[in-house]
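Subject: Handover of a structure

Dear colleague,

Please find below the structure I agreed to pass on to you. My notes on it follow directly after.

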Amino acid sequence: MKADEPQNVCKESTYSTLFNAYSKTIFNYIYYKFGNEEKANDAVQEAFVKLWENCAKVAPEKAKSFLYTVANNVYLNVIKAEKVRLKYADKSLKTTHESPEFLMEENEFKAKLDQALNDLPDNQRSTFLLNRIDGKKYVEIAEMEGVSVKAIEKRMHLALKALREKIEGI
């Protein structure tokens, strides 16, 4: 490689080195969160696929952070989908004494909230969900994402602002 050539992970040997260095630790990180080997393997695989797809944009020294972020986002999306499935599964098993109007409004609100969450940029959504759903502190999220606590505070501020704008009553 020439000295003036940009460093990225498109070179197969660099990509392979990164895979060997990080695949097991990322697997463990996600496995500890999921408690499910198959989901952890899927998250690791998806993270490395995304790294390859974006190899020209990712410098080798940023690859570790990129991989953890992608794997974590995969985890959050799966958890979010499972929570939605469980919520609707529970509703079909329970009888309710709520009026049909109330139930319709509640479903509309949930749909609005889901859409508002989906519209957030990935980093804001993951920060919001890690904090509000997983109960992670800003310091923990900053460490996981490889950014400063100030960056996490800014993400949360922007996420909350965007959610407030899209949904009245939050």
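The notes below go from the chain as a whole to helix packing, salt bridges and two individual residues.

Please bear in mind throughout that this is a predicted model.

Overall composition

The chain contains seven helices and zero strands, so that, by the DSSP assignment of helices and strands, the order of elements from the N terminus reads α-α-α-α-α-α-α. Of its 170 residues, 32% are buried. Among contacts with a separation of 6 or more, 63% join residues 24 or more positions apart. The exposed surface of the chain amounts to about 10900 Å², and 53% of that area comes from carbon and sulfur atoms.

Packing against helix H7

Two helix pairs involving H7 deserve a description. Two packed helices are described by the angle between their axes and the distance between the axes.

In the first pair, helix H5 (residues 122-132) packs with helix H7 (residues 149-166) at an angle of about 95°, and their axes are 9 Å apart. H5 and H7 are therefore roughly perpendicular to each other, since angles of 65 to 115 degrees count as such. On the H5 side, the contact is made by Asn123, Gln124, Thr127, Phe128, Asn131 and Arg132. On the H7 side, Ile152, Arg155, Met156, Leu158, Ala159, Leu160 and Leu163 take part. By class, the residues of this contact of H5 with H7 comprise seven nonpolar, four polar and two charged.

In the second pair, H6 and H7 pack at an angle of about 105°, with an axis separation of 8 Å. This angle makes H6 roughly perpendicular to H7. Here Tyr138, Val139, Ile141, Ala142 and Glu145 of H6 meet Val149, Ile152, Glu153, Arg155 and Met156 of H7. The contact of H6 with H7 has seven nonpolar and three charged residues, and no polar ones.

Ile152, Arg155 and Met156 of H7 are named in the contact with H5 and also in the contact with H6.

Salt bridges

The structure holds four salt bridges, and three of them are set out here.

Glu145 and Arg155 meet through their side chains in a salt bridge, with an N to O distance of 3.2 Å. Glu145 lies in helix H6 (residues 138-145) and Arg155 in helix H7, so this pair ties together parts of the chain that are ten residues apart in sequence. Both Glu145 and Arg155 are buried. Glu145 and Arg155 also belong to the contact of H6 with H7 described above.

A further salt bridge joins the side chains of Asp119 and Lys166, at 3.1 Å from N to O. This pair links distant parts of the chain: Asp119 is in helix H4 (residues 100-119) and Lys166 is in helix H7, 47 residues apart. Asp119 is partly exposed, at a relative accessible area of 40%. Lys166 is likewise partly exposed, at 41%.

Asp122 and Arg125 also form a salt bridge, in which the closest N and O atoms are 2.5 Å apart. Asp122 and Arg125 are three residues apart in helix H5 and are therefore separated by about one helical turn. The two partners fall into separate burial classes: Asp122 is partly exposed at 45% relative accessibility, whereas Arg125 is buried, with a relative accessible area of 9%.

Two individual residues

Val70 is located in helix H3 (residues 60-93). With a relative accessibility of 12%, Val70 counts as buried, because the cut-off for that class is under 20%. Leaving aside residues up to four places away in sequence, Val70 touches Glu46, Ala47 and Lys50. Val70 and Glu145 are 75 residues apart in sequence, while their C-alpha atoms lie 9.8 Å apart in space.

Ala56 sits in the loop between helix H2 (37-53) and H3. In contrast to the buried Val70, Ala56 is exposed, with a relative accessible area of 57%. Ala56 touches Asn8 and Cys10, again not counting residues up to four places away in sequence. The C-alpha atoms of Ala56 and Val9 are separated by 6.6 Å, although the two residues are 47 residues apart along the chain.

With kind regards

Definitions and conventions. Residues numbered from 1 in each chain as written. Predicted model: local features only at pLDDT ≥ 70, side-chain atom pairs only at ≥ 80, totals over all residues. Heavy atoms only, no water. Helix = DSSP H or I, 4+ residues; strand = E, 2+ residues; numbered from the N terminus. Buried < 20%, exposed > 50% of the residue type's maximum accessible area, 1.4 Å probe, protein only. Contact = heavy atoms within 4.5 Å. Areas by Shrake-Rupley, 256 points an atom, 1.4 Å probe, with all protein chains shown as cover. Axes fitted to C-alpha atoms, helices over the stretch in contact; angles between N-to-C directions. Parallel < 35°, antiparallel > 145°, perpendicular 65-115°, else oblique. Nonpolar A, V, L, I, M, F, W, Y, C, P; charged D, E, K, R; others polar.
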